[in-house]
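I sat down with this one to look at its strands and how they pair. Here are my notes, in the order I took them.

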Amino acid sequence: MERGRGGGVALLSEDLLQNILSRLPALSFANAGCVSRSWRRAAGDVLSRPKLASAISLNPSFQDAVKEVLDSVLSRPIRPHFAIACIGLKFSLERTHKLITKKLGSATPVITSVARGIIGSDAITEEFKEVKWGVDVEDFNLPANKDRGIVLIVGFMPGLKVDAIPLLRELEEPGISLIDKFVMDIRNFSAAVSGCTSPTGIVMFGDKHADMKPVLEKMDYAMSMETVILGEESGHFMYRSGDDSRNISGSLKNSCDGVALVFARDNDKPQGVGETQFHVALSTGVVPVGPTLKAASVKVKGDGSERSTWLTARKEGLKEALDGERLLHDIYDEMENENASHDLYIGVTKRRKCSIGSEKVRWVTTLEFHDVLGGDEEYLFVDGVGIKTGDPFRFYRSDSDTALSSCRRVSEEFRNLKQAWTHKNSYHFRGVADGGDKTEVCGGIIFSCYGRGDSFFGQANVDSSPFLENFPGFPLAGIMCGGEIGRVHLSSADHQGGQEESSPRSYLHYYSTVYLVISHTPSSLES
């Protein structure tokens, strides 16, 4: 065939041959690579392209569901760089993690977590679904597949190095979460492979018993604004790192408060490998209500992950401190007594000193949300800690109209992104016959609040629509969770190293959806 035998097959263009090979099942693909030198070269090119493969299964049988998603994502040729698996509460976390890590090999970083819902294309029918299980695990009069299912995401990202880095907590008293060590571990990994302490992206999974706000604050402080950070704040997970020294299963010294899947540029990438880029977008689902207030008196109650804050507040220009009942009464009046249909939060603007280790202290300003738990004739009760006297805050309520409008804005962002790629491609290939090398999307990952979904919007697949409408045919998968991590600025103002910020950052959201779009630019198009 190298000498022209084989008729029309030998006349296939390189692009067409690669297109055909990329659609073959894995076994047929391996056989095709043995046909000739040109086919073997084409097969190598296919394997060197970035790829994101994903699938969900709602099969109530644990083993069948895991097999379905594994068979689906591995049915096409891929070299796994990482994997994320998320399951329903009724599936075994330990058994799922064991099956997937065994299948993908010891060198592949894997994070397996428990989710409140899954998003993606069915492994058997290919129907796209947003499946919300909710949080009620005590009701056993439910369908057989209630809280049973799995989503699996497997990725190959040439030009990037990927590993899972744990956030450890000392088991001995005082049980400190080793946040500075965690941030330095991420920096050191990135510096070792890329020469830069800030990686391309971080997908973060936090433990439901850990307070992720100070962790995210330090990550935000330590990484350049080019580093994309997203994930889930409050869950339950297992992980396996490609570096065995980071795997602490059975450790008597440490437990794990979180794990970061870190993507860093590879300085040793082969010649001709292009650039993989991460793009993040946020659809918010809360809207401010009422005036800006200031915390007047603040008390912290409870222990560990059950801590809450009791506070009073003042309106600007007034000396009178308002108790919890008065604050809630005023807010419900503004909401026209719609409190039964909205979840309520306070968004607190916090200006704090931050540093890593012995580094220079810097001021950072953030907007952090706290769930409103209630109020009495003395205090307003909110979840979490970290509020100080004098901190300004506003009430926020969940709102489906705001979320729908925000989804449309994200869709517009994605359209603009596509247009930018088209402009860049057309500029580069003006007058060139073969435009095969172009910036293209590889796929997407989505983290959506479990309070959203069809019951929130009154229609299905709203959160996924910005991606599906703009990138049809490309894989999208993710989970529904509680506390969506997504690093964004609240204005166009950008942080410049060494200067104080003029606008607050926000990295932890509620009633929101965070999108990650992964694209690839061939080496011939890199600036």
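The entries below go through one sheet and then one strand with its partners.

Entry one. I reminded myself that this is a predicted model.

Entry two, the sheet. I traced an open sheet of six strands and wrote down its order as E5-E4-E19-E18-E22-E11, with mixed pairing. At the edges I found E5 (128–132) and E11 (275–283); each has a single partner strand, so one side of each is left without a neighbour in the sheet. I also noted the twist, which averages 10° from one strand to the next.

Entry three, the E11 edge. I looked up how E11 meets E22 (residues 513–521): the two pair in the antiparallel sense over nine bridges. To fix the register, I noted Ala 281 opposite Tyr 515 in E22.

Entry four, strand E6. Is E6 (residues 150–156) buried or exposed? I found seven of its seven residues buried, so E6 is largely enclosed by the rest of the structure. I then checked the two faces of E6, and both are covered. Ile 150, Leu 152, Val 154 and Phe 156 are buried on one side, while Val 151, Ile 153 and Gly 155 are buried on the other. That fits the usual pattern, in which side chains of a regular strand alternate between the two faces of the sheet.

Entry five, the partners of E6. Strand E1 (residues 51–57) pairs with E6 in the antiparallel sense over seven bridges, and I noted Leu 152 in E6 as the bridge partner of Ala 55. Strand E2 (residues 82–87) also pairs with E6 in the antiparallel sense, over six bridges. There I marked Cys 86, which stands opposite Val 151 in E6.

Key. Residues numbered from 1 in each chain as written. Predicted model: local features only at pLDDT ≥ 70, side-chain atom pairs only at ≥ 80, totals over all residues. Heavy atoms only, no water. Pairing = 2+ DSSP bridges. Axes fitted to C-alpha atoms, helices over the stretch in contact; angles between N-to-C directions. Buried < 20%, exposed > 50% of the residue type's maximum accessible area, 1.4 Å probe, protein only.
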